[in-house]
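Visitor: Before we talk, could you put the model and its sequence where we can both see them? I would like to go through the helix packing, the core, the cysteines and the backbone in turn.

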Amino acid sequence: MDQIIKAGPTVTMFVPYDCNNACPFCVNKKEYRDTSDFSIDRCYKSLDLLNRIFPHNDIVLTGGEPLAELDLLGDILEHIENGHHIYINSTLPVPEDSSIEEVASKLNKYSDKISCLNVSRHLKHYVKECDDAIFDLLNFRHRINCVVFEDAREPETKDKLIAFLDRFAGHEVQLRANYSNLTLDNVFDTEEDDLFKLICDIADYKYDLEKERFRTGFVFERNGSKITYHKTLPFAKVDDIVGDIILRQNGRIFDDWNEYGHELNINDVVELEY
């Protein structure tokens, strides 16, 4: 998969399976309050259409919970044509009648399709977490994804963050700013960014990631872990230039997240600036 060069906007697909969680920073939860119009078949038709227009773009599977229906996740991965980097955002649930070994085995079948599994783990447990031993069973790239919802100025936040990074030492970790607080005015700021300062205090700064119109990032290292601090706006269209195309759970295609987005027709998709 590494030889693929991304071309076109990222397609972010909201899978039609709810997570039944209530993380306070989630911008997707309201999308799942009414599931009556959800359709995986319509999602497939839209994926096929977008594949013909953008055969080498990145695809993100998010939710909701892509692993809520693990066998159907396999169907989605098989349905997506080769030529895309596929990223999955998940809380990595393990059903009560299953085990971490069984879940890892099912995911490993698609190790050639999955570019990265982003697993939500936070300073506070908002979801039921499976045993951390599962990460050693996955034979493809995975990353621990942590939205730091806590106030970075509070001393206990530093203690919690150090304990969190120690817990996942040796694994790739992505720390994320609380995107509900980010705007065009502060997304690229570091001078007044208390979380950036805190991470600089407990990890070794390495380099900046390339800025995009609505996101930026910084790479650190601590105890053998690559740590990325990621800041992104809760919308993906800036000055009418689109970064993400959103594929809703009902199969309809939009040019941005949640209330920011407008529904697209085929001509809109073809003529997008990105």
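Visitor: In which hand does α1 pass α2, and at what angle do the two helices pack?

Guide: In this predicted model, α1 passes α2 in a right-handed crossing. The contact is made by Ile-40, Tyr-44 and Asp-48 on the α1 side and by Leu-72, Asp-75, Ile-76 and His-79 on the α2 side. Angles under 35 degrees count as roughly parallel, and α1 and α2 are therefore roughly parallel to each other. Their axes lie 11 Å apart, and the packing angle is about 20 degrees.

Visitor: How are α4 and α5 oriented to each other, roughly parallel or oblique?

Guide: Helix α4, residues 155–167, and α5 have axes that come within 11 Å and cross at roughly 55 degrees, in a right-handed crossing. Thr-157, Lys-158, Leu-161, Ile-162 and Leu-165 of α4 meet Leu-198, Ile-199, Asp-201 and Ile-202 of α5. With that crossing angle, α4 and α5 are therefore oblique.

Visitor: Which helix gives the most to the largest nonpolar core?

Guide: The largest nonpolar core has 80 residues, and those with the most contacts inside it are Leu-61, Leu-92, Leu-107, Phe-164, Leu-175, Tyr-229 and Ile-245. Leu-175 touches, among others distant in sequence by over four places, Cys-146, Val-148, Phe-164, Ile-199 and Tyr-229. The helix that gives the most to this core, with five residues, spans residues 194–202 and is α5.

Visitor: How many disulfides does a search of the whole structure find, and why do Cys-23 and Cys-116 not form one?

Guide: A disulfide requires a pair of cysteine sulfur atoms within 2.5 Å. For Cys-23, which counts as buried at 17% relative accessibility, the closest cysteine sulfur is that of Cys-26 at 6.6 Å, too far for a bond. For Cys-116, buried at 0% relative accessibility, the closest cysteine sulfur belongs to Cys-146 and is 15 Å away, again too far for a bond. Over the whole structure, the number of disulfides found is zero.

Visitor: Is Thr-12 buried or exposed?

Guide: Thr-12 is found in strand β1, residues 10–14, and, leaving out residues up to four places away in sequence, touches Val-60, Thr-62, Asp-244, Ile-245, Ile-246, Leu-247 and Trp-257. Its relative accessible area is 2%, and buried means under 20%, so Thr-12 is buried.

Visitor: How far apart in space are Glu-221 and Ile-202, C-alpha to C-alpha?

Guide: Glu-221 lies in strand β8, residues 215–222, and counts as partly exposed at 37% relative accessibility. Beyond its neighbours within four places in sequence, Glu-221 is in contact with Ala-203, Asp-204 and Lys-206. Glu-221 and Ile-202 are 19 residues apart in sequence, and their C-alpha separation in space is 9.4 Å.

Visitor: Which residue does a cis peptide bond join to Gly-63?

Guide: The cis peptide bond has an omega of about 15 degrees. The partner of Gly-63 in this bond sits in the loop between β2 and α2, and is Gly-64.

Visitor: Asp-239 and Asn-258 have positive phi values without being glycines; which of them is buried?

Guide: Asp-239, with phi near 55 degrees, is placed in the loop between β10 and β11 and counts as exposed at 69% relative accessibility. The other residue has a phi of about 45 degrees and is placed in the loop between β13 and α6. With a relative accessible area of 9%, the buried residue is Asn-258.

How values were computed. Residues are numbered from 1 along each chain as its sequence is written. This is a predicted model: local features need pLDDT of at least 70, side-chain atom pairs count only at pLDDT 80 or more; totals for chains, interfaces and linings use all residues. Side-chain values use heavy atoms; hydrogens and water are left out. Buried means under 20% relative accessible area, exposed over 50%, partly exposed in between (1.4 Å probe, protein chains only). A nonpolar core is a set of buried Ala, Val, Leu, Ile, Met, Phe, Trp, Tyr and Cys residues joined through side-chain atoms within 4.5 Å. Helices (H or I, at least four residues) and strands (E, at least two) are DSSP runs, numbered from the N terminus. Contact means heavy atoms within 4.5 Å. Axes are lines fitted to C-alpha atoms, for helices over the stretch in contact, and angles run from 0 to 180 degrees between N-to-C directions. Angles under 35 degrees count as roughly parallel, over 145 as roughly antiparallel, 65 to 115 as roughly perpendicular and the rest as oblique. A crossing is left-handed if the near helix is turned anticlockwise from the far one by less than a right angle, and right-handed if clockwise.
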